[in-house]
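Reader: I am in my first year and would like to learn how to read a protein model with care. Could you go through this one with me, a few places at a time?

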Amino acid sequence: MTTRKSAAHARRDGALKKACKSYETTALVLQGGGALGAYQAGVYEGLHEAGIELSYLAGISIGALNVAVLAGNPPEQRIDRLREFWGTICQPYSGLAPNALVEASLFQINDMARQVIGNLHAGSALLVGQKGFFRPRFPPAAFTPLTDPANVGYYDTRPLRDTLERLCDFDRINDGGLHVSVGAVNVRTGNFAYFDNRSTRLRPEHFMASGALPPAFPAIEIDGEHYWDGGLVSNTPLTNVLMERPERDTLVFQVDLWSARGVVPRSIGDVEDRIQDIRYSSRTRAVTEQMRAYRKMQRALRDVLDKIPAEMREQDPACRRAELLAGHKRYNVIHLIYRNKPYEQHHRDYQFGLATMREHWDGGLQDIRNTLAHEEYLAMPDNVAGFVTHDVHRDEIEQTMHGALQRNAD
């Protein structure tokens with residue numbers, strides 16, 4: 001039985017790798033979401049175990065920090081480095097961390113125990129910070145007016161620089177074969193900025209800037225400008241990946257930490273939860289729908305131009321302008337979306353803790369395994385738009401609803 005299962009997995013992984021190679025770009029796109037980012041690490045582990053090779057890494061906020069660890073290490077070391085990164089930042093900056101075995105045992109009791117543990121970790125993050133990540137600023141920024149912008153934040157993120165320099169090889173990030181980009185916001189202009197290793201030599205500051213969420217964290221200075229967390233404008237770098245020039249057939253694994261789907265709130269705490277989900281997930285949904293419509297227009301324009309003689313297309317100014325807009329490349333976006341747990345509250349993005357982190361990680365690993373079980377998800381789009389999206393959770397919901405309708409009809 002074990003041999004047959006292994007052989008089946010090997011055949012499936014071979015089919016997945018073959019499907020991925022039909023695309024010119026295979027990208028991993030990581031959204032912001034603080035402590036929830038361990039889910040992204042689990043997704044990467046699943047991609048790695050399936051042998052799927054990535055050519056493009058893009059991230060915002062905690063997604064950018066995961067990108068730094070992935071891009072800054074060879075494939076065979078990435079999971080170990082991710083575990084070291086998350087094992088570090090999920091401990092309090094000062095004081096003793098809870099015993100990991102005791103915490104894991106308590107975490108398994110029930111949802112009430114998980115909620116209590118989560119509250120304790122969130123409170124600890126606020127009071128003492130997280131090891132290798134951030135620490136409370138002293139004296140507090142509120143008592144040091146007209147100070148350097150680099151000090152205007154409740155916490156000091158210099159420990160994060162040390163962590164990135166310890167775990168990431170920045171020569172590899174800049175000289176390796178991976179395309180890497182992270183997003184931030186220029187504080188002075190309010191404009192979104194992408195830092196890309198094809199045009200900029202990326203340093204720890206670029207990744208720190210992408211995660212510098214105010215007012216908790218101060219702006220990060222880069223070449224005379226100051227930058228905040230990219231999530232203030234867009235919590236996903238998906239647009240940047242899909243608008244890459246020259247256009248390429250692209251497969252995207254989009255990992256979201258906030259779900260647009262949810263229940264109607266029944267308490268003030270639930271309201272805070274839904275506000276966060278809707279605020280940070282809406283950009284992904286909007287980008288996906290906009291890109292679907294844009295690609296459909298591009299392909300229609302391409303079909304029309306192909307009916308015009310080449311000589312006329314070359315001579316007519318309108319045709320030449322249309323050529324710049326037309327396209328025929330195909331895009332496949334596979335969503336991996338973290339689903340909130342019943343016991344989680346509005347502070348889940350700063351609820352750092354080893355037991356919670358492991359649950360997030362395992363959730364990402366299971367979701368990508370379930371997703372890759374659908375080999376058809378990786379097929380090259382053949383619809384009118386040349387653009388498709390897949391979401392294993394969405395499909396499960398639709399199948400459940402369809403089954404319920406069928407039963408009612410019977």
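Reader: Is Asn-151 buried, partly exposed or exposed?
Author: Asn-151 is found in the loop between β3 (135–136) and β4 (155–156), where helices (H or I, at least four residues) and strands (E, at least two) are DSSP runs, numbered from the N terminus. Buried means under 20% relative accessible area, exposed over 50%, and partly exposed in between, with a 1.4 Å probe and protein chains only. The relative accessible area of Asn-151 is 31%, so Asn-151 is partly exposed.

Reader: What should I know about the model itself before we go on?
Author: This is a predicted model, in which local features need pLDDT of at least 70 and side-chain atom pairs count only at pLDDT 80 or more, while totals for chains, interfaces and linings use all residues. Residues are numbered from 1 along each chain as its sequence is written, and side-chain values use heavy atoms, with hydrogens and water left out.

Reader: Which residues does Asn-151 touch, not counting residues up to four places away in sequence?
Author: Contact means heavy atoms within 4.5 Å. With residues up to four places away in sequence left aside, the residues that Asn-151 touches are Arg-137, Ala-141 and Pro-218.

Reader: How far apart are the C-alpha atoms of Asn-151 and Ala-219?
Author: Ala-219 has its place in the loop between α9 (204–210) and β7 (220–222), and Ala-219 counts as buried because its relative accessibility is 8%. Although Asn-151 and Ala-219 are 68 residues apart along the chain, their C-alpha atoms are separated by 8.0 Å.

Reader: Which residues does Ala-219 touch, not counting residues up to four places away in sequence?
Author: One pair to set beside this is Ala-219 and Val-182, which are 37 residues apart along the chain and have C-alpha atoms separated by 15 Å. Leaving out residues up to four places away in sequence, Ala-219 touches Pro-149, Ala-150, Val-187, His-226, Tyr-227 and Trp-228.

Reader: What is the omega of the peptide bond from Pro-214 to Pro-215?
Author: Most residues other than glycine have a negative phi, and most peptide bonds are trans. Pro-215 lies in the loop between α9 and β7, and the peptide bond that leads to Pro-215 from Pro-214 is cis, with omega near 0°.

Reader: Where is Pro-246 found, and what is the omega of the peptide bond from Arg-245 to Pro-246?
Author: Pro-246 is found in the loop between α10 (238–242) and β9 (250–256). The peptide bond that joins Arg-245 to Pro-246 is cis, and its omega is near -5°.

Reader: Is Ser-61 buried or exposed?
Author: Ser-61 is in the loop between β2 (56–60) and α3, and Ser-61 has a positive phi of about 60° although it is not a glycine. Its relative accessible area is 11%, so Ser-61 is buried.

Reader: Is Asp-223 buried or exposed?
Author: Asp-223 lies in the loop between β7 and β8 (225–229), and its phi is near 50°, a positive value in a residue other than glycine. Because its relative accessible area is 67%, Asp-223 is exposed.

Reader: How far apart are the end C-alpha atoms of helix α4?
Author: The expected span of a helix is 1.5 Å times one less than its number of residues. Helix α4 (residues 75–89) has 15 residues and should therefore span 21 Å, which agrees with the distance between its end C-alpha atoms, 22 Å.

Reader: Which helices do the buried residues of α4 pack against?
Author: The buried residues of α4 are Arg-78, Ile-79, Leu-82, Phe-85, Trp-86, Gly-87, Thr-88 and Ile-89. These buried residues pack against α2 (38–49), α3 (62–71), α7 (158–167) and α14 (354–372).

Reader: Is α4 roughly parallel or roughly antiparallel to α7?
Author: Axes are lines fitted to C-alpha atoms, for helices over the stretch in contact, and angles run from 0 to 180 degrees between N-to-C directions. The axes of α4 and α7 come within 11 Å and cross at roughly 160°. Angles under 35 degrees count as roughly parallel, over 145 as roughly antiparallel, 65 to 115 as roughly perpendicular and the rest as oblique, so α4 is, with respect to α7, roughly antiparallel.
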